[in-house]
Amino acid sequence: MQATAFDTPPWWQRVLPMFRGFDGPLLAAVLLLAGLGLTIMYSSGFDHGTRFVMHGRNMLLAAAIMFVVAQAPPQRLMRLAVPVYTAGVLLLVAVALFGITKKGAQRWLNVGVVIQPSEIMKIAVPLMLACWFQWRQGQGRSRAVDFAGAFALLAVPVALIMKQPDLGTALLVMASGLAEIFFAGLPWRWVLPPVALALAGVAGIVFFGDELCADGVDWHVLREYQRQRVCTLLDPMRDPLGKGFHILQAMIAIGSGGLHGKGFMQGTQTHLEFIPERTTDFIFAAFSEEFGLAGNLLLIFGFWCLVLRALALSAVAPTLFSRLLAAAVSTIFFAYAFVNIGMVSGVLPVVGVPLPFISYGGTAMVTLGVALGILMSVSRARWLAEQQRKALLA
């Protein structure tokens, strides 16, 4: 039978083009991390009943969000930069004025449902900065003005988030923003002095930690609980049953995992509930206990592939906006993993940063879904451009 103009192709033929241009290596790295995340969530969240099911649901939600965002070309994402950034800043101001306070932190806002506006800025800031540099490209104006404007766009949300206070989210937003400014061509002579100053400050804290952590000493730039976190990092045994309990139990779990780990569902520190927040911020300790160094290397390999592939997509992106946006997203994934693994291992102070695709949390998973969608959008745009070029040459 001959096909007519009114014949409708099967649904899978209509849906298949939407997946063309998706980056295979990036998707493979995400699937590896998602599989590891579901495995350890089943074990560490075994006593939480629905944690495993909810974690899987959150992953499906993130996948759906990734698919939707990937359909939007980078040019359309650029048009969203200013309204999304403006809305995010206004919501942060609203949080400062009449936000909801929990456990001493004013981070949430009730708009019919309770939301955390700082999460929006993890995506809004990279979008806005990439749009800013794209707009400034070819303007023929001073590069100093370009970078001054970028720093101002970054400083406003970071300051509002720090005021809540939310040090973990502020660090993630600042890291992605600074990386984006650096990739935009920030001169080394502007980079080295603050880096040297920061290293000098860290060295001073390490060498004079006993004096700085003595009772009654005020650090001025940090709140008291933030100072205590730094002091606990330097010496967890200062308060082993109080402020140092989290990090000590995490380190015990990581060390007891050895080379191959105790085995799936066999983690004693995990199932006897010695590890605090074992399904969220400290899930890396549970993972290390059950799968050991071998499992950790596989996990780090997954993150390494994810970040490296995101940087590769950035390097071949066709526009400045796409390049900077993909580079910022790669920094987000790196910062998430580096800060979480570092704090659980006792290398960095404890901050509320989840481990991507591993830790339980719906809001963070939505953010990750949007970030992956941006990378897939950049990949699809490059693939479509190559297809058009091949069609013209044919």
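**A small sheet, a nonpolar patch and some salt bridges**

Threonine 101 sits across from glutamine 106 of strand S2, and this pairing is a good way into the sheet of this predicted model. The helix that packs on that sheet is H4, residues 74-98, which touches S1, S2 and S3 and runs at about 110° to the direction of S2. The sheet itself is open and has 3 strands, in the order S1-S2-S3, with antiparallel pairing. S1 and S3 are the edge strands, and each has a single partner, so one side of each goes without a neighbour in the sheet.

Strands in a sheet are held to each other through backbone hydrogen bonds, in a parallel or an antiparallel way. Here, S1 (residues 100-102) and S2 (residues 105-110) pair in the antiparallel sense over 3 bridges. Lysine 102 has alanine 105 of S2 as its bridge partner. The hairpin made by S1 and S2 leaves 2 residues between the strands, and lysine 103 in that hairpin has a positive phi near 55°. On the other side of the sheet order, S2 pairs with S3 (residues 114-115), again in the antiparallel sense, over 2 bridges. Leucine 109 is the residue opposite isoleucine 115 of S3. This second hairpin has 3 residues between its strands, and glycine 112 in the turn shows a positive phi of about 100°.

Away from the sheet, the surface carries a nonpolar patch of about 910 Å², built from Phe182, Phe183, Trp188, Leu192, Leu298, Phe301, Trp304, Leu308 and Leu311. Helices H7 (167-183), H8 (188-207) and H13 (283-316) are the elements that each give two or more residues to it. H13 supplies the largest share, with 5 residues. One patch member, phenylalanine 301, lies in H13. Its relative accessible area is 43%, so phenylalanine 301 ranks as partly exposed, the band between 20% and 50%.

H13 turns up again among the charged pairs. Side chains of opposite charge can pair when their charged atoms come close. Searching the whole structure turns up 5 salt bridges. In one of them, aspartate 23 meets arginine 309 at 2.6 Å, N to O. That pair ties together distant parts of the chain, 286 residues apart: aspartate 23 is in the loop between H1 (11-19) and H2 (24-44), while arginine 309 is in H13. How do the two partners stand with respect to burial? Aspartate 23 is buried, because its relative accessible area of 6% falls under the 20% cut-off, whereas arginine 309, at 27%, is partly exposed.

Another salt bridge joins lysine 262 and glutamate 289, with the closest N and O atoms 3.0 Å apart. This one also links distant parts of the chain, 27 residues apart, with lysine 262 in the loop between H11 (245-256) and H12 (268-271) and glutamate 289 in H13. Lysine 262 is partly exposed, with 33% relative accessible area, but glutamate 289 is buried at 0%.

The loop between H12 and H13 holds glutamate 273. Its side chain forms a salt bridge with arginine 278, the closest N and O atoms lying 3.9 Å apart. Glutamate 273 has a relative accessible area of 53%, so it passes the 50% cut-off for exposed, while arginine 278 is buried at 8%.

Backbone geometry in this loop is worth a look too. Most residues other than glycine have a negative phi, and most peptide bonds are trans. Glutamate 273, though, has a positive phi near 65°. Glutamate 277, found in the loop between H12 and H13 as well, also takes a positive phi, near 50°. At 48% relative accessibility, glutamate 277 is partly exposed.

Elsewhere, the peptide bond between glutamine 164 and proline 165 is cis, with omega about -5°. Proline 165 belongs to the loop between H6 (143-163) and H7.

Finally, asparagine 58 is part of helix H3 (residues 51-70). With a relative accessible area of 2%, asparagine 58 is buried. Which residues does asparagine 58 contact, leaving aside its neighbours within four places in sequence? The contacts are Tyr360, Gly361, Gly362 and Met365.

How values were computed: Residues numbered from 1 in each chain as written. Predicted model: local features only at pLDDT ≥ 70, side-chain atom pairs only at ≥ 80, totals over all residues. Heavy atoms only, no water. Pairing = 2+ DSSP bridges. Helix = DSSP H or I, 4+ residues; strand = E, 2+ residues; numbered from the N terminus. Patch = residues over 30% accessible without salt bridge, like charges linked within 9 Å, V, L, I, M, F, W, Y side chains within 5 Å. Areas by Shrake-Rupley, 256 points an atom, 1.4 Å probe, with all protein chains shown as cover. Salt bridge = Lys/Arg side-chain N within 4 Å of Asp/Glu carboxyl O. Buried < 20%, exposed > 50% of the residue type's maximum accessible area, 1.4 Å probe, protein only. Contact = heavy atoms within 4.5 Å. Axes fitted to C-alpha atoms, helices over the stretch in contact; angles between N-to-C directions.
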